[in-house]
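Colleague: I am new to this structure and would like to know what stands behind the terms used for it. Could we go through them one by one?

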Amino acid sequence: MHTIDTTAPVVVRLTRAIDAPLATVWALHTDIDNWPVWNVDIDQAALGGPTEVGSSFSWRTHGLSITSTISELVPGRRIVWGGTVEGIVGIHSWTFEQSGDQVVVHTEESWSGEPVDAAADELATALRTSLESWLDSLKARAEQSG
């Protein structure tokens with residue numbers, strides 16, 4: 001199982017319960033090309049092939065153009081991707097679990113690299129804010145669709 005770098009200077013872990021079917025939440029989250037439709041923080045996203053381990057996707061968020069590669073995929077349960085942009089090494093894990101009528105989404109992300117070492121507190125706040133917004137957007141869209 002792939003995981004984040006728990007020793008990185010920036011690690012953010014968040015959980016959100018969503019009132020929608022697991023299939024809906026999973027489909028929204030893994031339809032990378034359509035992230036900009038429901039996530040206002042993502043300007044563009046394009047997956048260059050199927051959603052599978054080893055596939056890379058390009059996306060733009062908060063002024064950064066990022067290329068990420070999927071390192072783990074358990075359909076309907078878990079996806080992990082990572083990449084490096086402007087010296088920041090990011091690893092992002094998402095886990096989805098049915099709990100009664102809700103889906104519990106757990107996300108963990110680590111950032112390391114020289115830029116992170118130089119401004120860990122500021123970047124931790126930025127990452128937390130970004131992930132909270134992502135989870136809020138996913139929840140709103142899934143519950144509207146679900």
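Modeller: What follows takes strands, salt bridges, burial and the pocket in turn. This is a predicted model, in which local features need pLDDT of at least 70, side-chain atom pairs count only at pLDDT 80 or more, and totals for chains, interfaces and linings use all residues. Residues are numbered from 1 along each chain as its sequence is written, and side-chain values use heavy atoms, with hydrogens and water left out.

Colleague: Why are β3 and β4 said to pair?

Modeller: Two strands pair if DSSP finds at least two bridges between them. Strand β3 (residues 56-61) and strand β4 (residues 64-74) are joined by six bridges, so they pair, and they run antiparallel. Strands are DSSP runs of E of at least two residues, and helices are runs of H or I of at least four, numbered from the N terminus. Across this pairing, Phe57 stands opposite Ser68 in β4.

Colleague: What makes Glu72 and Arg78 a salt bridge?

Modeller: The term requires a side-chain nitrogen of Lys or Arg within 4 Å of a carboxyl oxygen of Asp or Glu. For Glu72 and Arg78 the closest N and O atoms are 3.1 Å apart, so the pair qualifies. Arg78 lies in β5 and stands opposite Val74.

Colleague: Why is Glu72 called buried, and why is Asp136 called partly exposed?

Modeller: Buried means under 20% relative accessible area, exposed over 50%, and partly exposed in between (1.4 Å probe, protein chains only). Glu72 has 11%, so it is buried; Arg78, with 10%, is buried too. Asp136 has 41% and therefore counts as partly exposed. Asp136 also forms a salt bridge, with Arg16, at 2.7 Å between the closest N and O atoms. That pair links distant parts of the chain, helix α4 and strand β1 (residues 10-18), 120 residues apart.

Colleague: How do you know what counts as the largest pocket and its lining?

Modeller: On a 1 Å grid over the protein atoms alone, a cavity is a set of points where a 1.4 Å probe fits but cannot get out, whereas a pocket is an open set with protein on both sides within 12 Å along at least five of seven lines; lining residues have an atom within 4 Å of a point. The largest pocket has a volume of about 410 Å³. Of its 26 lining residues, Trp59, Thr61, Ile66, Glu109 and Trp111 are the closest to the centre. Helix α4 gives the most to the lining, with six residues.

Methods: Grid points are joined across faces, edges and corners, and a volume is the space filled by probe spheres set on the points.
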